[in-house]
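Q: I've got a model open and I'd like to learn how to read it, starting with any empty space inside. Where do we begin?

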Amino acid sequence: MPTRPPFLSSAEASTSLPTLRRGSQLHETERRLNAVLNNASVAIFLMDDRQHCVYMNRAAELLTGFTVGEVLARDCPLHDIVHHTYPDGRPFPLEECAIDRAFPENNQERGEEVFVHKDGHFYPVGFTASPIRDDAAKIIGTIIEVRDITEEKAAAERQRLLTNELNHRVKNTLATVQSIAAQTFRAISDQPARAVFDARVTALSNAHNVLTESNWESASLIGVVERAIAPHAVAEADANRFQITGPDTRLHPKVAVTLAMALHELMTNAAKFGALSVPEGRVTVVWTLKSDGARERLSLTWTETGGPEVAPPTRRGFGSRLVERQLPLEFDGNAAIDFAPTGVVCRLDIPLTALGWHGQEIVTGRQGS
C-alpha cells in the first residue's frame, strides 16, 4: 500500500481539491464536515508545518475580517496577518507567539492574546492551539480554536469597577459608623469600650478586604484566618505563638465575614484574658474539610494553651454569643466554646455554602483550580 503523503506545505496548498462525485460517501462526509465547521461559533484555523493557514471556517473569517482566499494569497504565517503587532505599536515577532509554540514544542497551548483585525483595530481572544500528527505521530501542523473575548473583558472590567465602588461605599459606611461612635462615646469615660468597638469595626473592614481581592465572589479560608490573627501576630516577637494548620478552600462571602468576626472575638478574648495575655501562651487553629455527600463541611478547632487557668464566665458576652449563636443560626452548623481550666477550646462545624450556581466551575473553566 503506498505511503500517505505528509500534511506539509506545497505550492499547491491553495489549489482547490477536485470536486468529489456527488452522492459518494466521501462527498457526503466532506459536506457534513463543512457544515459542522462553518456553523461552529468558534473560529477554527488549520495550520501547516510552516504555520501558514490552509483552512479557516466561516467564524474565523468573521473574526479576523479576512477571507480564506485572502489569507492563502498572502502565503505567510497566520501570525504575520492577524497577530503581528502589540497594541502599543511594537512589532510582535513570531518567536514570541504562544500560539506558535504549539507546533515546535509539541504540546497544547491555551491562553489569551490580542489579534489585529483587517480594519486595524485590536481585540482580545482566547485560544487553544493543538498539534496535528500524522500516522507516524510526527507533528505536521496545528489546529487553532479562537474566540473573541471582548465582551468578557468588558464585563470583567465593569465588575471590577462595581466591586471597587462597593468596597469604597462599605469603607465610607464603616468610617461613618466609627464617627458616630466617637460622638456617642465622647461623654462616656469608658474608653476601653470605645477601643473594643473600633477593633470590631476594623475586623469587619479586614474581612471585606479579603473579599474585595476576589471581586466578592469568594474568599480564601487561609486568608480569612491569617487576616484575623494578623493584628496580634505582627506584634509578637515569637512566631511560634500561633499555629495554623489546614487545607485552603474558597468561602462564600457571607461565611467569610461571619467566620472572620468570630475569629476576631476569640483572638481578642485570648489577648485580654487567655493564652495571649502571658508570654508562654499559644494559640492553635486547626481545621479539616469533609464532604457529607451534598456539600463540603468545615470543622475548625481553636485551642489555647499555656495561658492562665480558665474559669467559665458568669455571663456570655458579645463574642460568645456571636460564635455560639450566629454561626449555627446562619449556616445550620454547630459551635461550642469549652472554657476548660487549661485553656479555651472552640469547635466550629459549618456546612459551606456552594459558590455561584451549579456547573459554574465547568462553564467558566475553573474546575480543579
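A: Start with what the word means: a cavity is a set of grid points where a 1.4 Å probe fits but cannot get out. Its volume is the space filled by probe spheres set on those points. Keep in mind, too, that this is a predicted model.

Q: How many cavities of 30 Å³ or more does the count come to?

A: The general idea is that rolling a probe the size of a water molecule over the atoms shows where empty space is left. Here the count comes to 2 cavities of 30 Å³ or more. The largest holds about 120 Å³ of space, and the second largest has a volume of about 30 Å³.

Q: Which residues lie nearest the centre of the largest cavity?

A: Those are M47, L78, H79, I99 and I144, out of 14 lining residues. β1 (43-47), α4 (79-82) and β5 (139-148) each give at least two residues to that lining. By class, the lining has 10 nonpolar, 3 polar and 1 charged residues.

Q: And which residues line the second largest cavity?

A: Its lining is made of G274, A275, E304, T305, G307, P308, V310, T342, G343 and V344. Two elements, β10 (296-305) and β12 (343-351), give two or more residues each to this lining. The class split here is 4 nonpolar, 5 polar and 1 charged.

Q: Next up, cores. Which residues touch the most other members of the largest nonpolar core?

A: In soluble globular proteins, nonpolar side chains tend to be buried together. In this model the largest nonpolar core has 36 residues, and L251, L259, L298, W302 and L348 touch the most other members. Elements supplying at least two residues each include α7 (221-233), β9 (282-291), α9 (318-331) and β11 (334-340). Helix α8 gives the most, with 9 residues.

Q: Let's look at that helix, then. Is α8 largely enclosed or not, and why?

A: An α-helix has 3.6 residues a turn, so residues three or four places apart point the same way. For α8, 16 of the 20 residues are buried, so the helix is largely enclosed by the rest of the structure. You can check its length as well: at 1.5 Å a residue, helix α8 (residues 253-272) should span 28 Å, and its end C-alpha atoms are 29 Å apart, which agrees.

Q: What about cysteines: how many disulfides does the structure hold?

A: A disulfide is a covalent bond between the sulfur atoms of two cysteines. This structure holds 0 disulfides. Two cysteines you can look up are C97, buried with a relative accessible area of 3%, and C346, buried at 0%.

Q: Can we try backbone angles? Which way does the phi of Q51 go, positive or negative?

A: Positive: the phi of Q51 is near 65 degrees, and Q51 isn't a glycine. Q51 sits in the loop between β1 and β2 (53-56) and is buried, with a relative accessible area of 5%. A137 also has a positive phi, about 70 degrees, without being a glycine. A137 belongs to the loop between β4 and β5, and at 52% relative accessibility it counts as exposed, the cut-off being over 50%.

Q: Last one: how far apart are A129 and E145, in sequence and in space?

A: They are 16 residues apart in sequence and 6.5 Å apart in space, C-alpha to C-alpha. A129 lies in strand β4 (residues 122-133), and at 0% relative accessibility A129 counts as buried.

Notes
Residues are numbered from 1 along each chain as its sequence is written. This is a predicted model: local features need pLDDT of at least 70, side-chain atom pairs count only at pLDDT 80 or more; totals for chains, interfaces and linings use all residues. Side-chain values use heavy atoms; hydrogens and water are left out. On a 1 Å grid over the protein atoms alone, a cavity is a set of points where a 1.4 Å probe fits but cannot get out, and a pocket is an open set with protein on both sides within 12 Å along at least five of seven lines; lining residues have an atom within 4 Å of a point. Helices (H or I, at least four residues) and strands (E, at least two) are DSSP runs, numbered from the N terminus. Ala, Val, Leu, Ile, Met, Phe, Trp, Tyr, Cys and Pro count as nonpolar, Asp, Glu, Lys and Arg as charged, and the others, Gly among them, as polar. The expected span of a helix is 1.5 Å times one less than its number of residues. Buried means under 20% relative accessible area, exposed over 50%, partly exposed in between (1.4 Å probe, protein chains only). A disulfide is a pair of cysteine sulfur atoms within 2.5 Å. A nonpolar core is a set of buried Ala, Val, Leu, Ile, Met, Phe, Trp, Tyr and Cys residues joined through side-chain atoms within 4.5 Å.
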